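Visitor: I would like a close look at a single part of this model, namely its aromatic rings and what surrounds them. Please take me through it step by step.

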Amino acid sequence: MSNSLSFNGFDLGVYGLIVTGHDISTEHRALSTQLLDKSHAGYSFRTPKSISLDVVVVGTSLTNLKSQLDNIRNILNEKASANLILDIQNDRYWLARFESFNGKYHSPLMFSGNLIFTCYDPLAYSVSELSHGHTLDVEDPKTIEETTGGTALIEPVYTFTAGDDITPATLKVKNLNLDEELTWVGNITTAQTLVVDVPRWIVELVGSASMSGVSGQFPRLLPGQVNNVKITGFGLLGTLNIKYRNKFM
(Lines give C-alpha, C1' and ligand atoms only; values in the text may rest on other atoms or scores of the structure.)
Protein backbone atom coordinates (compact mmCIF):
# COMPACT_ATOMS: atom_id res chain seq x y z
CA MET A 1 0.00 0.00 0.00
CA SER A 2 1.37 3.45 -0.89
CA ASN A 3 1.75 5.99 1.89
CA SER A 4 -1.15 8.19 0.88
CA LEU A 5 -4.55 9.27 2.17
CA SER A 6 -8.22 9.41 1.29
CA PHE A 7 -10.47 12.41 1.87
CA ASN A 8 -14.23 12.41 1.60
CA GLY A 9 -14.06 8.94 0.05
CA PHE A 10 -11.49 9.81 -2.64
CA ASP A 11 -8.04 8.19 -2.70
CA LEU A 12 -5.57 11.00 -3.41
CA GLY A 13 -2.88 8.44 -4.19
CA VAL A 14 -4.65 7.91 -7.52
CA TYR A 15 -3.50 11.43 -8.43
CA GLY A 16 0.14 10.87 -7.56
CA LEU A 17 0.06 12.14 -3.99
CA ILE A 18 2.49 10.50 -1.55
CA VAL A 19 2.70 11.38 2.15
CA THR A 20 6.33 11.69 3.28
CA GLY A 21 5.83 12.99 6.82
CA HIS A 22 3.14 13.21 9.50
CA ASP A 23 2.53 15.56 12.42
CA ILE A 24 -0.65 14.60 14.28
CA SER A 25 -1.08 16.61 17.46
CA THR A 26 -2.92 15.56 20.62
CA GLU A 27 -3.53 18.24 23.22
CA HIS A 28 -5.45 18.81 26.44
CA ARG A 29 -5.93 22.26 27.93
CA ALA A 30 -7.55 23.70 31.02
CA LEU A 31 -8.90 27.11 32.03
CA SER A 32 -7.29 28.39 35.21
CA THR A 33 -7.94 31.06 37.84
CA GLN A 34 -4.94 32.79 39.37
CA LEU A 35 -4.86 32.85 43.18
CA LEU A 36 -2.22 34.49 45.37
CA ASP A 37 0.46 31.82 45.12
CA LYS A 38 -1.00 29.28 42.71
CA SER A 39 -3.60 28.74 40.05
CA HIS A 40 -6.69 26.56 40.20
CA ALA A 41 -7.76 24.71 37.06
CA GLY A 42 -10.93 22.85 36.21
CA TYR A 43 -11.06 19.64 34.21
CA SER A 44 -8.91 19.55 31.10
CA PHE A 45 -10.65 19.57 27.73
CA ARG A 46 -9.62 18.39 24.28
CA THR A 47 -8.71 21.07 21.76
CA PRO A 48 -9.11 20.74 17.98
CA LYS A 49 -6.56 18.40 16.45
CA SER A 50 -4.21 19.62 13.73
CA ILE A 51 -3.00 17.12 11.14
CA SER A 52 -0.03 18.39 9.12
CA LEU A 53 1.25 16.24 6.27
CA ASP A 54 4.36 16.63 4.16
CA VAL A 55 3.46 15.45 0.66
CA VAL A 56 4.83 15.12 -2.84
CA VAL A 57 2.80 14.86 -6.02
CA VAL A 58 4.34 13.19 -9.06
CA GLY A 59 3.33 13.22 -12.70
CA THR A 60 4.50 11.82 -16.02
CA SER A 61 4.88 15.29 -17.57
CA LEU A 62 4.34 18.92 -16.58
CA THR A 63 0.88 18.85 -18.12
CA ASN A 64 0.03 15.64 -16.26
CA LEU A 65 1.42 17.03 -12.97
CA LYS A 66 -0.73 20.15 -13.25
CA SER A 67 -3.74 17.95 -13.93
CA GLN A 68 -2.92 15.81 -10.87
CA LEU A 69 -2.78 18.94 -8.68
CA ASP A 70 -6.06 20.25 -10.10
CA ASN A 71 -7.78 16.96 -9.29
CA ILE A 72 -6.40 16.97 -5.73
CA ARG A 73 -7.48 20.58 -5.12
CA ASN A 74 -10.92 19.81 -6.50
CA ILE A 75 -11.34 17.01 -3.93
CA LEU A 76 -9.96 19.16 -1.10
CA ASN A 77 -12.39 21.98 -1.95
CA GLU A 78 -14.86 20.84 0.71
CA LYS A 79 -16.41 23.44 3.02
CA ALA A 80 -17.49 20.97 5.74
CA SER A 81 -15.71 18.26 7.69
CA ALA A 82 -15.20 14.98 5.83
CA ASN A 83 -13.67 11.59 6.56
CA LEU A 84 -9.86 11.56 6.45
CA ILE A 85 -8.06 8.20 6.42
CA LEU A 86 -4.28 7.86 6.40
CA ASP A 87 -2.61 4.72 5.03
CA ILE A 88 -0.44 4.48 8.15
CA GLN A 89 -3.59 4.19 10.35
CA ASN A 90 -6.20 2.86 7.96
CA ASP A 91 -8.28 1.29 10.75
CA ARG A 92 -9.66 4.72 11.75
CA TYR A 93 -10.85 8.03 10.33
CA TRP A 94 -10.97 11.63 11.48
CA LEU A 95 -13.71 14.17 10.75
CA ALA A 96 -11.32 16.66 9.20
CA ARG A 97 -11.72 20.14 7.74
CA PHE A 98 -9.33 21.06 4.93
CA GLU A 99 -7.27 24.11 5.86
CA SER A 100 -4.38 24.64 3.43
CA PHE A 101 -2.24 23.08 0.68
CA ASN A 102 0.99 24.91 -0.07
CA GLY A 103 4.17 23.94 -1.91
CA LYS A 104 6.38 24.39 -4.95
CA TYR A 105 7.50 22.66 -8.12
CA HIS A 106 10.86 20.90 -7.94
CA SER A 107 10.81 19.72 -11.53
CA PRO A 108 8.29 19.26 -14.33
CA LEU A 109 7.50 15.88 -12.76
CA MET A 110 7.34 16.66 -9.00
CA PHE A 111 5.60 19.07 -6.65
CA SER A 112 6.23 19.02 -2.88
CA GLY A 113 4.33 20.79 -0.16
CA ASN A 114 2.39 20.75 3.09
CA LEU A 115 -1.21 19.70 3.53
CA ILE A 116 -3.01 20.78 6.73
CA PHE A 117 -6.35 19.64 8.17
CA THR A 118 -8.12 20.68 11.38
CA CYS A 119 -10.33 18.23 13.31
CA TYR A 120 -12.76 20.13 15.53
CA ASP A 121 -13.73 16.76 16.93
CA PRO A 122 -10.19 15.63 17.80
CA LEU A 123 -11.02 11.94 18.22
CA ALA A 124 -10.61 9.30 15.54
CA TYR A 125 -13.32 6.70 14.86
CA SER A 126 -12.97 3.07 13.84
CA VAL A 127 -13.82 2.43 10.20
CA SER A 128 -15.68 -0.69 11.40
CA GLU A 129 -18.97 -0.26 13.22
CA LEU A 130 -19.58 -2.95 15.85
CA SER A 131 -23.04 -4.37 16.49
CA HIS A 132 -23.55 -6.96 19.24
CA GLY A 133 -26.85 -8.64 20.10
CA HIS A 134 -27.83 -9.85 23.58
CA THR A 135 -30.82 -11.85 24.80
CA LEU A 136 -32.38 -10.47 27.97
CA ASP A 137 -33.76 -13.75 29.27
CA VAL A 138 -33.41 -15.90 32.40
CA GLU A 139 -33.27 -13.02 34.86
CA ASP A 140 -34.25 -9.42 35.46
CA PRO A 141 -32.11 -7.50 36.24
CA LYS A 142 -29.44 -8.95 33.97
CA THR A 143 -25.82 -7.87 33.58
CA ILE A 144 -24.21 -8.34 30.18
CA GLU A 145 -20.58 -7.94 29.16
CA GLU A 146 -19.50 -5.69 26.30
CA THR A 147 -15.80 -5.80 25.36
CA THR A 148 -14.53 -2.66 23.65
CA GLY A 149 -11.34 -1.42 21.99
CA GLY A 150 -9.94 2.03 21.33
CA THR A 151 -8.50 4.59 23.72
CA ALA A 152 -11.37 7.06 24.31
CA LEU A 153 -14.83 6.89 25.89
CA ILE A 154 -17.41 5.36 23.54
CA GLU A 155 -20.96 6.60 22.93
CA PRO A 156 -23.09 3.59 21.91
CA VAL A 157 -26.63 3.21 20.63
CA TYR A 158 -28.69 0.73 22.69
CA THR A 159 -31.69 -0.74 20.85
CA PHE A 160 -34.19 -2.70 22.96
CA THR A 161 -36.86 -4.89 21.36
CA ALA A 162 -39.70 -5.92 23.65
CA GLY A 163 -40.55 -9.62 23.90
CA ASP A 164 -43.82 -8.98 25.73
CA ASP A 165 -46.05 -6.12 26.87
CA ILE A 166 -44.57 -4.07 29.71
CA THR A 167 -47.11 -1.51 30.87
CA PRO A 168 -45.88 0.40 32.67
CA ALA A 169 -42.14 -0.15 32.23
CA THR A 170 -39.32 1.31 34.30
CA LEU A 171 -36.25 0.48 32.22
CA LYS A 172 -32.82 1.13 33.71
CA VAL A 173 -29.56 0.91 31.75
CA LYS A 174 -26.43 1.19 33.89
CA ASN A 175 -22.74 0.85 33.09
CA LEU A 176 -21.43 -0.51 36.38
CA ASN A 177 -17.84 0.38 35.43
CA LEU A 178 -18.67 4.08 35.06
CA ASP A 179 -21.63 4.25 37.46
CA GLU A 180 -23.69 5.94 34.74
CA GLU A 181 -27.39 5.02 34.67
CA LEU A 182 -30.35 6.12 32.57
CA THR A 183 -33.98 5.46 33.51
CA TRP A 184 -36.91 5.47 31.09
CA VAL A 185 -40.54 5.20 32.28
CA GLY A 186 -43.31 4.45 29.80
CA ASN A 187 -45.33 1.75 28.05
CA ILE A 188 -43.90 -0.66 25.50
CA THR A 189 -45.61 -3.59 23.81
CA THR A 190 -44.42 -6.76 22.09
CA ALA A 191 -42.02 -6.18 19.15
CA GLN A 192 -41.77 -2.44 19.74
CA THR A 193 -38.29 -0.92 19.84
CA LEU A 194 -36.83 1.56 22.29
CA VAL A 195 -33.58 3.26 21.26
CA VAL A 196 -31.25 4.89 23.77
CA ASP A 197 -29.08 7.00 21.47
CA VAL A 198 -26.12 8.18 23.57
CA PRO A 199 -24.37 10.29 20.85
CA ARG A 200 -27.58 12.29 20.26
CA TRP A 201 -28.78 12.28 23.91
CA ILE A 202 -32.24 11.08 22.94
CA VAL A 203 -34.54 8.13 23.67
CA GLU A 204 -36.92 7.07 20.91
CA LEU A 205 -39.89 4.69 21.08
CA VAL A 206 -40.71 3.22 17.67
CA GLY A 207 -38.83 6.05 15.96
CA SER A 208 -40.38 8.96 17.89
CA ALA A 209 -38.81 10.92 20.73
CA SER A 210 -39.86 9.63 24.17
CA MET A 211 -38.10 11.88 26.66
CA SER A 212 -40.79 12.75 29.22
CA GLY A 213 -39.96 9.68 31.32
CA VAL A 214 -36.17 9.95 31.04
CA SER A 215 -33.87 10.72 33.95
CA GLY A 216 -30.26 10.09 34.89
CA GLN A 217 -27.20 9.98 32.64
CA PHE A 218 -26.75 8.42 29.21
CA PRO A 219 -24.37 5.46 29.85
CA ARG A 220 -21.15 5.41 27.85
CA LEU A 221 -18.61 2.59 27.52
CA LEU A 222 -15.01 2.55 28.71
CA PRO A 223 -12.42 1.80 25.99
CA GLY A 224 -10.23 -1.27 25.81
CA GLN A 225 -11.91 -3.42 28.45
CA VAL A 226 -14.94 -5.44 29.50
CA ASN A 227 -17.90 -3.21 30.38
CA ASN A 228 -20.59 -4.60 32.67
CA VAL A 229 -23.96 -3.23 31.59
CA LYS A 230 -26.89 -3.89 33.93
CA ILE A 231 -30.41 -3.96 32.45
CA THR A 232 -33.39 -3.70 34.81
CA GLY A 233 -37.11 -3.69 34.13
CA PHE A 234 -37.28 -5.13 30.59
CA GLY A 235 -38.76 -8.53 31.41
CA LEU A 236 -37.43 -11.96 30.42
CA LEU A 237 -38.19 -12.08 26.69
CA GLY A 238 -36.60 -8.95 25.24
CA THR A 239 -33.40 -8.42 23.26
CA LEU A 240 -30.75 -5.72 23.22
CA ASN A 241 -28.40 -4.61 20.46
CA ILE A 242 -25.40 -2.40 21.26
CA LYS A 243 -23.91 -0.55 18.29
CA TYR A 244 -20.87 1.73 18.30
CA ARG A 245 -17.49 2.61 16.84
CA ASN A 246 -14.35 2.39 18.93
CA LYS A 247 -12.79 5.83 19.39
CA PHE A 248 -9.13 6.84 19.59
CA MET A 249 -7.20 9.79 21.02
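**The aromatic pairs**

Guide: In this predicted model, Phe117 is buried, with a relative accessible area of 0%. Phe7 is likewise buried, and its relative accessible area is also given as 0%; since the cut-off for a buried residue is under 20%, both values fall within that class. The two residues belong together in a further sense, for the structure holds 6 aromatic pairs, and one of them brings the rings of Phe7 and Phe117 to a distance of 5.2 Å between their centres, with the planes at 45°, so this pair is tilted. The class follows because planes under 30 degrees apart would count as stacked and planes over 60 as edge-to-face. Phe7 lies in strand β1 (residues 5-7) and Phe117 in strand β11 (residues 110-119), so that the pair links distant parts of the chain, 110 residues apart. A third residue joins them, as Phe7, Phe98 and Phe117 form one aromatic cluster.

Strand β11 also contributes to another pair, that of Phe101 and Phe111. Here the ring centres are 5.7 Å apart and the planes stand at 65°, so the arrangement is edge-to-face. Phe101 is in strand β10 (residues 92-107) and Phe111 in strand β11, with their positions 10 residues apart in the numbering, and this pair too is one that links distant parts of the chain. Both Phe101 and Phe111 are buried.

Charged side chains can be considered next to these rings. Arg73 lies over the face of Phe111, at 6.0 Å from the ring centre, so that Phe111 has an edge-to-face partner in Phe101 and an arginine over its face as well. A second arginine, Arg92, lies over the face of Phe248, at 3.8 Å from the ring centre.Taken together, Phe117 is thus a buried residue whose ring pairs with that of Phe7 in a tilted arrangement and which shares an aromatic cluster with Phe7 and Phe98.

Methods
Residues numbered from 1 in each chain as written. Predicted model: local features only at pLDDT ≥ 70, side-chain atom pairs only at ≥ 80, totals over all residues. Heavy atoms only, no water. Phe/Tyr/Trp six-rings, centres within 6.5 Å; stacked < 30°, edge-to-face > 60°. Helix = DSSP H or I, 4+ residues; strand = E, 2+ residues; numbered from the N terminus. Buried < 20%, exposed > 50% of the residue type's maximum accessible area, 1.4 Å probe, protein only. Lys NZ or Arg CZ within 6 Å of the ring centre and 35° of its normal.
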